[in-house]
Amino acid sequence: MKRRNLLMAATALSLGMGSMVAAELPPLEQKERYRVGFAQMESNNPWRIAETKSFMDTAESCNWDLIATDAAGSAAKQVADVDSMIAQGIDILFLPPREEKPLIPAVKKAKAAGIPTFLVDRSVDPAAAQPGTDFVAFLGSDFIDQGRRVAEWTIENFEGEKGIIVQLEGTTGSSPANDRKSGFDDAIAADPRFEIVASQTGDFARDLGRQVMETLLQAHPEVNIVYAHNDEMAIGAIQALELAGRKPGEDVLVVSIDGTRDALQAIIDGKMGVTVESSPFFGPLACEVMNRYAAGEEIEHWVQVQDRIFTQDNAADHIDEAY
Ligand code: AHR
């Protein structure tokens with residue numbers, strides 16, 4: 001289906017903007033090669049490294065001249081990286097916004113410069129910028145559903161009488177941290193056996209996850225479930241538990257999200273119960289969606305990625321394809 005010229009007017013009206021009509025999204029010309037911007041937020045964990053590699057591996061087959069940057073964990077640098085890409089004349093931008101709010105000016109600036117933008121893996125505050133209006137689409141997982149699935153697995157598989165939960169949250173203000181928390185919290189609240197006694201950020205990082213777990217263990221020695229918003233923090237928590245003489249997998253159930261090699265190994269070793277997949281391999285999907293957009297197709301506002309679940313039943317079957 002061709003993009004409809006009236007889409008922006010309809011969006012403006014549905015947002016209650018009266019007669020104000022938002023400018024149409026920038027089109028993408030069909031051509032031999034594209035100058036593509038990929039503004040990565042940080043490279044401090046295997047997930048981020050795998051995502052950047054997926055874009056780099058896709059560059060040749062998709063005829064991209066790829067400009068990839070690394071904001072080293074700073075939203076301000078990520079905004080500056082997008083600015084620099086705009087100045088370098090990119091045709092299209094793929095952006096994983098580190099946090100929901102600070103990247104909104106970058107998204108709007110790219111649109112004003114005539115550059116179609118696709119958000120990948122993380123999104124921005126929907127009250128401030130929308131797909132179909134400010135950017136073309138969001139490519140990624142359902143983070144609320146990931147949190148919900150971890151909670152449901154925990155409810156089904158926890159064998160104790162009372163589940164005392166510590167939650168290690170991802171980067172404050174990021175869409176996966178917000179959504180994985182709300183998905184888990186809502187679902188676990190349905191079973192009165194469970195109580196979340198602490199919920200604190202570990203910034204999606206292994207080291208910080210370990211440090212936060214060490215502190216929380218002192219405040220809550222009775223903890224018997226750790227829910228980490230990603231595998232890196234789960235592995236950090238396992239290290240902290242073992243250092244404190246606890247036995248992850250025996251006296252503490254550790255549950256998480258991503259599907260990294262270390263997490264699958266921890267499941268095989270019996271130290272972790274489950275990880276719900278969140279795939280970092282966005283390069284091929286970005287290529288496919290870009291070509292559809294250049295051909296004038298209307299792109300769905302959310303190109304949703306389907307996630308598997310890894311447990312003792314299948315971790316060994318998938319560890320060779322993990323990162
Ligand atoms: O945005 C996805 C999350 O970001 C992944 O779960 C995490 O590992 C990464 O840093």
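**Two domains and a salt-bridged contact**

Colleague: How much area do domain 1 and domain 2 bury between them?

Modeller: In this predicted model, domain 1 and domain 2 bury about 1,000 Å² between them, and 47% of that area is on carbon and sulfur atoms.

Colleague: And which residues of domain 1 lose the most area to domain 2?

Modeller: Those are Trp 47, Glu 100 and Arg 122, which together make up 41% of what the domain 1 side buries.

Colleague: Where are the two domains along the chain?

Modeller: Domain 1 is made of two segments, 2–140 and 280–305, while domain 2 covers 143–278. The C-alpha centres of domain 1 and domain 2 are 31 Å apart.

Colleague: How many residues are in contact across that boundary?

Modeller: On the domain 1 side there are 11 residues in contact with 15 residues of domain 2.

Colleague: How many salt bridges does the rule find across the interface?

Modeller: The rule finds one salt bridge across the interface of domain 1 and domain 2. If you look at polar contacts instead, the count between the two domains is five residue pairs, with both residues at pLDDT 80 or more. As for the kinds of residue on the side of domain 1 that touches domain 2, they divide into three nonpolar, three polar and five charged.

Colleague: What does the side chain of Arg 98 meet in a salt bridge?

Modeller: The side chain of Arg 98 meets that of Asp 203, with an N to O distance of 3.3 Å. Arg 98 also forms a salt bridge with Glu 42, where the closest N and O atoms are 3.0 Å apart. That second pair links distant parts of the chain, since Glu 42 is in the loop between strand S1 (34–40) and helix H2 (46–61), whereas Arg 98 is in the loop between strand S3 (92–95) and helix H4 (104–112), 56 residues apart.

Colleague: How many salt bridges does the structure hold?

Modeller: The structure holds 28 salt bridges.

Colleague: Changing topic, in what order do the six strands of the open sheet come?

Modeller: The order is S7-S6-S8-S9-S10-S12, and the pairing in this open sheet is mixed. Strand S7 (194–201) and strand S12 (309–310) stand at the edges with a single partner strand each, so one side of each is left without a neighbour in the sheet.

Colleague: How does S12 join S10, parallel or antiparallel?

Modeller: Strand S10 (residues 274–277) and S12 run antiparallel and are joined by two bridges. To find the place in the model, look at Thr 275, whose bridge partner in S12 is Phe 310.

How values were computed: Residues are numbered from 1 along each chain as its sequence is written. This is a predicted model: local features need pLDDT of at least 70, side-chain atom pairs count only at pLDDT 80 or more; totals for chains, interfaces and linings use all residues. Side-chain values use heavy atoms; hydrogens and water are left out. Domain bounds come from an automatic or database domain assignment. Contact means heavy atoms within 4.5 Å. Buried area is the accessible area (1.4 Å probe) that two parts lose on being put together, summed over both. A salt bridge is a side-chain nitrogen of Lys or Arg within 4 Å of a carboxyl oxygen of Asp or Glu. A polar contact is a pair of N or O atoms within 3.5 Å; within protein, one must be able to donate a hydrogen and the other to accept it, and residues adjacent in sequence count only if both atoms are side-chain atoms. Ala, Val, Leu, Ile, Met, Phe, Trp, Tyr, Cys and Pro count as nonpolar, Asp, Glu, Lys and Arg as charged, and the others, Gly among them, as polar. Two strands pair if DSSP finds at least two bridges between them. Helices (H or I, at least four residues) and strands (E, at least two) are DSSP runs, numbered from the N terminus.
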